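Visitor: I would like to learn how to read a few features of a protein model, one step at a time. Could we begin with the strands and then turn to the helices?

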Amino acid sequence: MLLFPKPVPNTQGNRAKENPMKDQEVLDPANEAEAEMAAVAHQCLVTALDHSKADHIDVILDVGVDGDAGRETPVLKLPPRALRFFADVLRQMAKREPMLLVPQKHELTTQEAANFLNVSRPFVIKEIEANRLKCRKVNRHRRIEFEELRRYQTEEQQKSDQALQDLTKLSEALGLEF
C-alpha cells in the first residue's frame, strides 16, 4: 500500500466519473486537535526510529480505565517499516492534508490518471501513444498502474526542474536580471 496526499480532481471535461477508490481509503484532513496529537506522535516515532537498529519495536498500549490496575497492558511488536508508514501518516495528518491510500498494483483508467496528474484525458492518451507512459489494454480500454503513474510524474518533475536550472544558468550567462 502507498500513501499519498489526495490529488485535486481535474475539473476539465464535461463528464465527471465516480472515483472507484473506496471511502475508507481516503483519510480526510485532521481537525486542529488531531493535527496537534499527530505532530507530537510523529516526532516521537521519528525519534524512536532514528535511534533504533532493532528488528522490531515494542509499542505499549495504554487502554486501561482509571482505577483498573488489575488489567494487563497489551504490547504490540511492530517492524520498523510499519512504524515508518505510521510516521508518514502522522506527518500528513499534522499538516492537515487529506490522504489517499492506494494499493501498489492498483490500475487506473485514463480519466483517473488524468485527474491524478491534473491534465486532460487526451494528454494522457498522447503520452501513452508516445511511449512515455506505459499501460496495458483490457479489451479496448487502457489501464495504467499507479506505480507507473508515479514514475511518470517523478520523471516529468525532474525534467521540469532541470529545464528551470538550465534557464537560470542561461540567464546568468547572458547577464539578465530577474
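Guide: Let us start with a hairpin in this predicted model: β7 and β8 form one with 2 residues between them, and Asn139 in the turn has a positive phi of about 60°. Strand β7, residues 136-138, pairs with β8 in the antiparallel sense over 3 bridges, and Arg136 has Arg143 of β8 as its bridge partner.

Visitor: Which other strand is joined to β8, and by how many bridges?

Guide: That strand is β6, which runs antiparallel to β8 and is joined to it by 2 bridges; here Glu107 has Glu145 as its bridge partner in β8.

Visitor: Which residues of β8 lie on its covered face, and which on its uncovered one?

Guide: In a regular strand the side chains alternate between the two faces of the sheet. In β8, Arg142 and Ile144 make up the covered face, while His141, Arg143 and Glu145 make up the uncovered one.

Visitor: Why is α3 described as largely enclosed by the rest of the structure?

Guide: The description follows because 8 of the 8 residues of α3 are buried. These buried residues pack against β6, α4, β8 and α5, and just after the helix Asn118 takes a positive phi of about 60°.

Visitor: How many aromatic pairs does a search of the whole structure find?

Guide: The search finds 2. In the pair of Phe116 and Phe146, the ring centres are 5.2 Å apart and the planes stand at 70°, over the 60 degrees needed, so the pair is edge-to-face. This pair links distant parts of the chain, with Phe116 in α3 and Phe146 in α5, 30 residues apart. Phe116 is buried at 11% relative accessible area, and Phe146 is buried at 2%.

Conventions. Residues are numbered from 1 along each chain as its sequence is written. This is a predicted model: local features need pLDDT of at least 70, side-chain atom pairs count only at pLDDT 80 or more; totals for chains, interfaces and linings use all residues. Side-chain values use heavy atoms; hydrogens and water are left out. Rings of Phe, Tyr and Trp (its six-membered ring) pair if their centres lie within 6.5 Å; planes under 30 degrees apart count as stacked, over 60 as edge-to-face and the rest as tilted. Helices (H or I, at least four residues) and strands (E, at least two) are DSSP runs, numbered from the N terminus. Buried means under 20% relative accessible area, exposed over 50%, partly exposed in between (1.4 Å probe, protein chains only). Contact means heavy atoms within 4.5 Å. Two strands pair if DSSP finds at least two bridges between them.
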